[in-house]
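Please look at the model below. The paragraphs that follow lead through a helix pair and then a pocket.

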Amino acid sequence: MQNHRNLFPKRTKELKSVVHSAPGWKLFGKVPPRENLQKTSKIIQQEYEARTGRTCKPPPQSSRRKNFEFEPLSTTALILEDRPSNLPAKSVEEALRHRQEYDEMVAEAKKREIKEAHKRKKIMKERFKQEENIASAMVIWINEILPNWEVMRSTRRVRELWWQGLPPSVRGKVWSLAVGNELNITPELYEIFLSRAKERWKSFSETNSENDVEGVSVADREASLELIKLDISRTFPSLYIFQKGGPYHDVLHSILGAYTCYRPDVGYVQGMSFIAAVLILNLEEADAFIAFANLLNKPCQLAFFRVDHSMMLRYFATFEVFFEENLSKLFLHFKSYSLTPDIYLIDWIFTLYSKSLPLDLACRVWDVFCRDGEEFLFRTGLGILRLYEDILLQMDFIHIAQFLTKLPEDITSEKLFTCIAAIQMQNSTKKWTQVFASVMKDIKEGDKNNSPALKS
């Protein structure tokens, strides 16, 4: 059998000689300037001819006549070229028509370029205006509102300014004040529970004891710790700051671990890592823990994180009252597919939209949530449904569920908040709290009527 390495020996030698004869081309040498490229290629050709005795004939000149003054940079300009000599030449009319078509294409391209330039300019102008508004709002918050918090927090002026979004520099402070500290947690108390968490992490790694600690089995606690590790790795993965080795990994791990020791009755539930992460981005570690614990102690969050089914059903039933009131057509469409709110609301409420919406938009939702309370979480949900109502009306059960589980990434703050503002949180003359209370009353009466004790 013929050796494969000798199939093209002559060609290989020729290539090697060309490569080695090129002046200035070294492995770590400087690349020759662009203007010398043509001269260098001629030298290589001359040396090749002298060594091999062969003469490289120049390529035959094209018989085609160029009827334009520039080389075409894209296939668009090829329409102006004459046909090859073996094909019939263009008529004068055809050449003129091609020139006209080319001019139209160029004009259209210029028009698109101008339109895109105007669009970029508009975006930059809006961004500059937004930055100016944030800067002026920051001065008002720092100098006027925060020093007089209790007096000014409920005024119309502050509420309107709040709706527009909090400046990032004061966001954490405002959140802390709005959430409050009914649990009276101090930074020292956080350190105590963090120390306990670290001791337990250490003991779990050293022993496989199955003894119960404070009424919660070791197996349950180990499951919580494993879930924390897993969830942290999936928390805002695109930011690369909460994953192992990231600057906030240990802080997030500490806050979640300390909370499981502080509230062993609740433990760790999936979704908590997103809430803690958003707080860490806006507050110092101890303040983030205080806000986290108090936030999760609110009735709505406690009902969801403790998986209190009866309370969750009441929240869903109240949501549906306002759903039907505001978006009756979409409400009936969902009903026709037996698509219930728990399919999409649970993920939104568990993470307070921080997983479902872009982070900057989620923070703005948090701003108004801290102002209005749990009602705004459900109002935001209705705002999302309103924003995508036309699309959702064309979908079936599976596609609706998939769409609402993973919302489009290009959702903007302006569009969403315009839709949220259009949602009326009033049913007849009843507001959210009144409707929720009446739903609770109806469910309790229904439970009594269905009670086996009453029937007997």
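At what angle do helix α9 and helix α10 pack, and how far apart are their axes? In this predicted model, α9 covers residues 249-262 and α10 covers residues 272-280. The two helices pack at an angle of about 125 degrees, and their axes lie 10 Å apart. Angles of 65 to 115 degrees count as roughly perpendicular and those over 145 as roughly antiparallel, with the rest between them oblique. α9 and α10 are therefore oblique to each other. Their crossing is right-handed.

The residues that meet can be picked out on each helix. On the α9 side they are Val-251, Leu-252, Ile-255, Leu-256 and Tyr-259. On the α10 side they are Met-272, Ser-273, Ala-276, Ala-277 and Ile-280. Sorted by class, this contact has 9 nonpolar residues and 1 polar residue, and no charged ones.

The second feature is the largest pocket. About 1100 Å³ of space lies within this pocket, and 26 residues line it. Those nearest the centre of the pocket are Gln-130, Ile-134, Arg-364, Ser-413 and Glu-414.

Which elements give two or more residues to the lining of the largest pocket? They are α3 (92-145), α6 (168-179), α16 (359-372) and α20 (413-422). The most comes from α3, which gives 9 residues to the lining. By class, the lining of the largest pocket divides into 11 nonpolar, 8 polar and 7 charged residues. Charged residues are thus part of this lining, whereas the contact of α9 with α10 has none.

Technical notes:
Residues are numbered from 1 along each chain as its sequence is written. This is a predicted model: local features need pLDDT of at least 70, side-chain atom pairs count only at pLDDT 80 or more; totals for chains, interfaces and linings use all residues. Side-chain values use heavy atoms; hydrogens and water are left out. Axes are lines fitted to C-alpha atoms, for helices over the stretch in contact, and angles run from 0 to 180 degrees between N-to-C directions. Helices (H or I, at least four residues) and strands (E, at least two) are DSSP runs, numbered from the N terminus. Angles under 35 degrees count as roughly parallel, over 145 as roughly antiparallel, 65 to 115 as roughly perpendicular and the rest as oblique. A crossing is left-handed if the near helix is turned anticlockwise from the far one by less than a right angle, and right-handed if clockwise. Contact means heavy atoms within 4.5 Å. Ala, Val, Leu, Ile, Met, Phe, Trp, Tyr, Cys and Pro count as nonpolar, Asp, Glu, Lys and Arg as charged, and the others, Gly among them, as polar. On a 1 Å grid over the protein atoms alone, a cavity is a set of points where a 1.4 Å probe fits but cannot get out, and a pocket is an open set with protein on both sides within 12 Å along at least five of seven lines; lining residues have an atom within 4 Å of a point. Grid points are joined across faces, edges and corners, and a volume is the space filled by probe spheres set on the points.
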